[in-house]
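Could you walk me through this structure, from the packing inside to the odd backbone angles in the loops? A relaxed tour would suit me well.

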Amino acid sequence: MSVKPLGVALGAVAFASASSPAFAQPGPATSLPPVVVQEPEARRQARPAPRPAAAAARSRPSVRAASPSDQRPIRSAPASSGRAAAGPAFGAPTSGASGRSLTVPTVEQARAEIDRVPGGVALVPDTAFKNGPANTIKDVLGGVPGVIAQMRWGQDARVSIRGSGLSRNYGNRGINFFMDGIPINQSDGLTDLFEIDPTAYRYVEVFRGASALRFGGNSLGGAVNFVWPTGRDAPAFDARIDGGAFGYLKGSASVAGARGPVDWSINGSAQREDGYRAHSGSEALRLNANIGYQLSPDAETRFYLNANSWRARIPGELDKATALRRPRSANPVWVEQDQQRNIDSVRLGSKTTLRFDTTTVDLGLFTHQRRVDHPIYRYLDYTLADYGGFVRATDDRMIGAFRNRFVAGVNLQAGSAAYKESANVGAATKGALLRSETQNSQNHSLYVENSFYVLPTLALIGGGQFLHAVRDRKDRFLSDGDQSVGRTWDLFSPRAGILWDVTPHWQVFGNVSRSAEVPTYDSSTFVTFAGLLPNVRVQTSTTYEIGTRGRTEDLTWDLALYRADLRNELQCLRTSPYNLCSVVNADRTIHQGIEAGIGVAVLKSVFAAEDRFWLNAAYTYNDFRFDRDARWGNNELPGVPQHHLRAELLYKHASGFHIGPSVEWMPKGFYADNANSLKVPAYALLNVRVGFDRGTGWSGYLEARNLTDKRYISTAAIADVATASSELFNPGMGRSVYAGLRYRW
């Protein structure tokens, strides 16, 4: 199976890629200026009111962006100062001097920005996922507390945050995804993650739950923003090659630079794999590029290109016994029909940032064009075209003696899909036309948020989002009657929160928020559309959240506790091999849990003056259940584990050498059905990696995963009532070894 010639643009690409879990990260690198914490007596003194962030940023000297994952000791303040070194202060002003992009924040700037969010957030620098086989979304997000990333096969995965899209086994719903702040969800809300290439990003931001209001999101899960490097913060040349188990081979290369007001960053990758399971081979080509032009010190515009081509065969789900005894097998029906997923897509966008004293304005336009050739039990053949624009203004100023930060924005998105279904007469051969329609969607939102600092360290925050959503289907296949139908929703989701800087390196936060989600079009693909929309209601939730986070030289932590009361939760149930997603509303459900991440230097200066053993751990507790349901009582909601732990003990030497084991542990299985009659077994996976990375020049790694060759189930389609013969399960990958080599200058 060959990839279409998107490869012309990638012909010069060298080979590469890598990734390891994005755990909580240690303190900043030595290149950052020392940040100090005053003695307790001094901290109790009244602090001067801070200057507006924009003005303060312009007055500070430029510093090199650095990632906490560098894991190097912080320079201590002189002993005579009576002060102790610590991590960067929360919300500390960051450099906006020339030499930095105005449209794309550095890691340092982005971290200071998300520290102003009164909810669960995370920033994952590329150093957390590029020192291993960076192949899938799980390699990037799998170590973030609260994020459950479950692999189906190959690069196909489902991502759930706080139970978003809990019952989905394909596609992703309930999370807003962005590239550099530009939406990548389809206009109906669904997202495919095959376009995400971990080798292309500088860092990734995760905004759990109501924290997504920063981008105008109001979904249960929140938002994830993948941020590309620019020509002003990327290596001039970066190339790598990765290979490993089951025919995996990936190469990537990037070039970047800046000349006067212009900067550019271009990344391309190509990969193939035979797949762990039979009938699961895939090939992919990706191209990511952005070009920036600095109109003035306070104005910059940037243009984006994201092009992708993916060819993949689908192995299909198995019954539980087969998934555990013969995990490399494929469903024979899927093989007979030669089920596939073949996608070509191009995304174009632009973003302009303007700075006016204390006010910053971001505005942009984007379009996404996609062609899907998808033979499954029927032959799906369709094209999608999405268009949109956005404006966001941030004003940070002093009102009298008080700091005030006001954010307002508008997101506009519309799209159309020319959708067709034909018979699959076998071996991915298209037969008679069975369905033809045009699916039109609109999502337009207006959002505001205001943070008023009643004290220099205490902010009261309020805001909300108004959403106008349209789903309109025009039936073009009238031999079985006209099934055209449409609906419109107008929804408001308020939010209130509090953010307290207990010390410059320790925060406490809390919030109460609402969210609302309308059905996606894919839910109508396998059911009668006219019977769907009038009967499926909007999912709403009220979420309560409290938490704390902190950073010092030898300790970082992130802890959030939340409870969400849902009404009309959207469930995507598999009722037969030919009905992959029958959408229904649950009545009342509860999602509550704990999201905890910690990074701690357990040992220092063991074999050398600047070495350390760093322990990273990310624990997620999910208590998701029906709430006195007429049919299911208080049963557990199926789909994700109740407990999930990822932990790594990494030794790192100042020379760049690192080695350590890691574990992924699901101590209790999850159910595959609402009736709680069929459960996935618990599992623990042991991994180890060794590598060398000084940040420039040559680097490399060797990583082994699932060393004990544990047979386990990674994800399941969800049914109302399952039996032992229900084909719902995707086996996890067996023992595998990967290696990679990288060169940067």
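Here is a walk through the model, beginning with the nonpolar packing and ending with the loops.

Keep in mind that this is a predicted model. A good place to start is the largest nonpolar core, which has 45 residues. The residues with the most contacts inside this core are Ile-137, Leu-141, Ile-196, Tyr-201, Val-204, Val-224 and Phe-226. Several elements feed into the core with at least two residues each, including H3, E3, helix H4 (137-141), E8 and strand E9 (222-227). Strands E4 (147-153), E5 (156-161) and E6 (175-179) also each supply at least two. Nonpolar side chains tend to be buried together in soluble globular proteins.

For a closer view, pick Leu-141. Leaving out residues up to four places away in sequence, Leu-141 touches Val-147, Val-204, Val-206 and Val-224. Apart from this core lies another one, of 23 residues, and among them are Tyr-170, Phe-194, Trp-310 and Ile-376.

Next, have a look at helix H3, which spans residues 107-114. How many of its eight residues are buried? Seven are, so the helix is mostly covered, taking buried as under 20% relative accessible area. The buried ones are Val-107, Glu-108, Gln-109, Ala-110, Arg-111, Ala-112 and Ile-114, a list that takes in Glu-108 and Arg-111 as well as Val-107 and Ile-114. What covers them includes strand E3 (121-125), strand E8 (203-208) and strand E23 (539-551).

Now for some strand pairing. Strands E31 (residues 683-692) and E32 (residues 697-705) pair in the antiparallel sense over five bridges, and one of the bridge partnerships links Phe-692 with Gly-700 in E32. The hairpin these strands form has four residues between the strands, and there Gly-695 takes a positive phi near 95°. E32 also runs antiparallel to strand E35 (residues 736-744), and nine bridges join the two. On that side, Arg-705 has Ser-736 of E35 as its bridge partner.

The structure also holds one disulfide. It joins Cys-572 to Cys-581, with an S to S distance of 2.2 Å. Are these cysteines buried or exposed? Cys-572 counts as buried because its relative accessible area is 5%, and Cys-581 is buried too, at 0%.

On to the loops. Thr-520 is found between strand E22 (506-517) and helix H7 (529-532). Despite the loop setting, Thr-520 counts as buried because its relative accessibility is 5%. Not counting residues up to four places away in sequence, Thr-520 touches Arg-168, Arg-173, Asp-188, Gly-189 and Leu-190.

Finally, the backbone angles. Most residues other than glycine have a negative phi. Ala-428 has a positive one, near 55°, and sits in the loop between strand E18 (402-424) and strand E19 (430-455). Arg-628 has a positive phi of about 55° although it is not a glycine, and lies in the loop between strand E28 (612-626) and strand E29 (643-652). Which of the two words, buried or exposed, goes with each residue? Ala-428 is buried because its relative accessible area is 17%, whereas Arg-628 counts as exposed because its relative accessibility is 62%.

How values were computed: Residues are numbered from 1 along each chain as its sequence is written. This is a predicted model: local features need pLDDT of at least 70, side-chain atom pairs count only at pLDDT 80 or more; totals for chains, interfaces and linings use all residues. Side-chain values use heavy atoms; hydrogens and water are left out. Buried means under 20% relative accessible area, exposed over 50%, partly exposed in between (1.4 Å probe, protein chains only). Contact means heavy atoms within 4.5 Å. A nonpolar core is a set of buried Ala, Val, Leu, Ile, Met, Phe, Trp, Tyr and Cys residues joined through side-chain atoms within 4.5 Å. Two strands pair if DSSP finds at least two bridges between them. A disulfide is a pair of cysteine sulfur atoms within 2.5 Å.
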